[in-house]
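Notebook open, model loaded. I wanted to look up cavities, one odd backbone angle and a helix pair.

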Amino acid sequence: MRVAVTGSIATDHLMTFPARITDQLLADRLDRVSLSFLVDSLEIRQGGVAANISYGLALLGHRPLLVGAVGADFAEYGARLSALGVDTGGVLVSATRHTARFLCTTDPDGNQIASFYPGAMTEAARIDLAEVASGADVVLIGADDPAAMLRHTRTCRRLGIRFMADPSQQLARLDGGDIRELVEGADHLFTNEYEHELLLRKTGWTAGEVLDRVGTWVTTLGEKGSRIDRAGEPPVEVAAAPATAVTDPTGVGDAFRAGYLAALATGRTPPDAARTGSVLASLALATVGTQTYHATPATLPPLLKTAYGPPVTPSG
């Protein structure tokens, strides 16, 4: 199964704050916040949700098509992804803007304060998915310039291409009508627990009404794992894979999606795909940066066995 991944491509500036961010917020002064954090470290890493997911897919032996907009400063980054097996033929290079920047400060509890400068990502709506991804079997539509997300979704519907909705960080920016358009008819919908509730509030839909419109709704639950919902079926909960270390939560959700898609592309069931996603997420959690963990198709089976026991062989 050929997977196209659309969304942001960025450079991450990751910082750590030694105290708790929540302790710096004064309940009676939230109407006028002025904070500056003296951080202990700065890591500059290559990231962006589409690139992160494509990285994980490539590690597991797939050749995903990356679709997004970047600046001329992407040359070295793009060469690295290409060498790993990512097809960068769907990347638009802006003539005037820099590649997007993600700036994130994380405290010891995993709380984060982040800012995102879109840069070249604002030109992503110029990309014609019909031209760059015509051979794709499935398109994951990740967080991107909102106009690009809507254009890609409409193109998938028009061409009859199976698509997955993963609006994630852009749920805060999108209005209810746009979210409804992105979700309607999706083969899969991905959210985390907070985004799950935000999506319901902004669309005005009930959980049942969402499930009437999507094939499968996958909600990641942090250390509790994930939940898979389908219309007319009981929810399936999948435990998180034990983490060898808790180092940096940035990009863990992207690693989960990469593992999930990789397993799904080889015919695995959604619960099996969620287990694969959780194993990849645990590897990402143990490293600083979103594209610094390592995995191969050969390393996955023992990791899955350690986390979940031997695979169950269907009887009969």
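My entries follow, topic by topic.

**Ground rules.** I am working on a predicted model, where local features need pLDDT of at least 70, side-chain atom pairs count only at pLDDT 80 or more, and totals for chains, interfaces and linings use all residues. Residues are numbered from 1 along each chain as its sequence is written, and side-chain values use heavy atoms, with hydrogens and water left out.

**Cavity.** I looked for cavities (sets of points on a 1 Å grid over the protein atoms alone where a 1.4 Å probe fits but cannot get out). I got one cavity of 30 Å³ or more, and the largest has a volume of about 30 Å³, a volume being the space filled by probe spheres set on the points. Its lining (residues with an atom within 4 Å of a point) consists of Ile 141, Met 149, Thr 153, Ala 165, Asp 166, Pro 167 and Leu 182.

**Ser 168.** I noted a phi near 35° at Ser 168, a positive value in a residue other than glycine. Most residues other than glycine have a negative phi. Ser 168 is buried, at 9% relative accessible area (buried means under 20%, with a 1.4 Å probe and protein chains only).

**Helix pair.** I then checked how helix H1 (residues 49-59) packs with helix H2 (residues 75-84): the angle is about 30° and the axes are 9 Å apart. That makes H1 roughly parallel to H2 (angles under 35 degrees count as such). H1 brings Ala 51, Tyr 55 and Ala 58 to the contact, and H2 brings Tyr 77, Arg 80, Leu 81 and Leu 84 (contact means heavy atoms within 4.5 Å).

Technical notes:
On a 1 Å grid over the protein atoms alone, a cavity is a set of points where a 1.4 Å probe fits but cannot get out, and a pocket is an open set with protein on both sides within 12 Å along at least five of seven lines; lining residues have an atom within 4 Å of a point. Buried means under 20% relative accessible area, exposed over 50%, partly exposed in between (1.4 Å probe, protein chains only). Axes are lines fitted to C-alpha atoms, for helices over the stretch in contact, and angles run from 0 to 180 degrees between N-to-C directions. Helices (H or I, at least four residues) and strands (E, at least two) are DSSP runs, numbered from the N terminus. Angles under 35 degrees count as roughly parallel, over 145 as roughly antiparallel, 65 to 115 as roughly perpendicular and the rest as oblique.
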